[in-house]
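Biologist: I have a model open and would like to learn how to read its features. Could you take me through them?

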Amino acid sequence: MKNNLAERRAGRNWTQAELAAALGVSRQTIISIEREKFDPSLPLAFLIARTFGCSIEEIFSAE
């Protein structure tokens, strides 16, 4: 699954560790999502979208 999580995170000047803490996941989870090696669960995807104030579709796409 394609995503723009790294760009959105960088746009807020957040580190991977800061985003991970805000979401209650490990830094490794953020790294894996950003590298498109891991697709988040639906609850985590909703939490990520809510954290950035947008819809899931604005962050993730099924390309």
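Modeller: What follows goes through helix packing, burial, salt bridges and backbone angles in turn.

Biologist: What kind of model is this, and how are residues numbered?

Modeller: This is a predicted model, in which local features need pLDDT of at least 70 and side-chain atom pairs count only at pLDDT 80 or more, while totals for chains, interfaces and linings use all residues. Residues are numbered from 1 along each chain as its sequence is written, and side-chain values use heavy atoms, with hydrogens and water left out.

Biologist: How are helices and strands assigned, and at what angle do α2 and α3 pack?

Modeller: Helices (H or I, at least four residues) and strands (E, at least two) are DSSP runs, numbered from the N terminus. Axes are lines fitted to C-alpha atoms, for helices over the stretch in contact, and angles run from 0 to 180 degrees between N-to-C directions. Here helix α2 (residues 16-23) packs against helix α3 (residues 27-34) at about 110 degrees, and the axes are 8 Å apart. That angle makes α2 roughly perpendicular to α3 (under 35 degrees counts as roughly parallel, over 145 as roughly antiparallel, 65 to 115 as roughly perpendicular and the rest as oblique).

Biologist: Which residues of α2 and α3 make the contact?

Modeller: Contact means heavy atoms within 4.5 Å. From α2 the contact has Gln-16, Ala-17, Leu-19, Ala-20 and Leu-23, and from α3 it has Arg-27, Ile-30, Ile-31 and Glu-34. By class, there are 6 nonpolar, 1 polar and 2 charged residues (Ala, Val, Leu, Ile, Met, Phe, Trp, Tyr, Cys and Pro count as nonpolar, Asp, Glu, Lys and Arg as charged, and the others, Gly among them, as polar).

Biologist: Is Ala-20 buried or exposed?

Modeller: Buried means under 20% relative accessible area, exposed over 50%, and partly exposed in between, with a 1.4 Å probe and protein chains only. Ala-20, in helix α2, has 2% relative accessibility and counts as buried. Leaving aside neighbours within four places in sequence, Ala-20 touches Val-25, Ser-26, Arg-27 and Ile-30.

Biologist: How many residues of α3 are buried, and what covers them?

Modeller: In α3, 6 of the 8 residues are buried, so the helix is mostly covered. The buried residues are Thr-29, Ile-30, Ile-31, Ser-32, Ile-33 and Glu-34. Their cover includes β1, α1, α2, α4 and β2.

Biologist: Where do the buried residues of α4 lie around the axis?

Modeller: The general idea is that an α-helix has 3.6 residues a turn, so residues three or four places apart point the same way. In helix α4 (residues 42-52), the buried residues are Leu-44, Ala-45, Ile-48, Ala-49 and Phe-52. They cover an arc of only 135 degrees around the axis, which puts them on the same side of α4; the arc is that of the directions from the helix axis to the C-beta atoms. On the other side of α4, Leu-42, Pro-43 and Arg-50 are exposed. The partners of the buried residues are α1 (5-11), α2, α3, α5 (56-59) and β2 (60-61).

Biologist: How many salt bridges are there?

Modeller: A salt bridge is a side-chain nitrogen of Lys or Arg within 4 Å of a carboxyl oxygen of Asp or Glu. By this rule there are 2 salt bridges. One joins the side chains of Glu-36 and Lys-2, at 3.6 Å from N to O. This pair links distant parts of the chain, 34 residues apart: Glu-36 is in the loop between α3 and α4, and Lys-2 is in strand β1 (residues 2-3). Glu-36 is partly exposed at 31% relative accessible area, and Lys-2 is partly exposed at 38%.

Biologist: What about the salt bridge of Arg-9 with Glu-34?

Modeller: The closest N and O atoms of Arg-9 and Glu-34 are 2.6 Å apart. Arg-9 lies in helix α1 and Glu-34 in helix α3, so the pair ties together parts 25 residues apart in sequence. Both Arg-9 and Glu-34 are buried.

Biologist: Which residues take a positive phi?

Modeller: Among them is Gly-53, just after α4, with a phi of about 65 degrees. Asn-13 is not a glycine, yet its phi is positive, near 55 degrees. Asn-13 lies in the loop between α1 and α2 and counts as exposed at 68% relative accessibility. Glu-36, just after α3, has a positive phi of about 60 degrees, although Glu-36 is not a glycine either.
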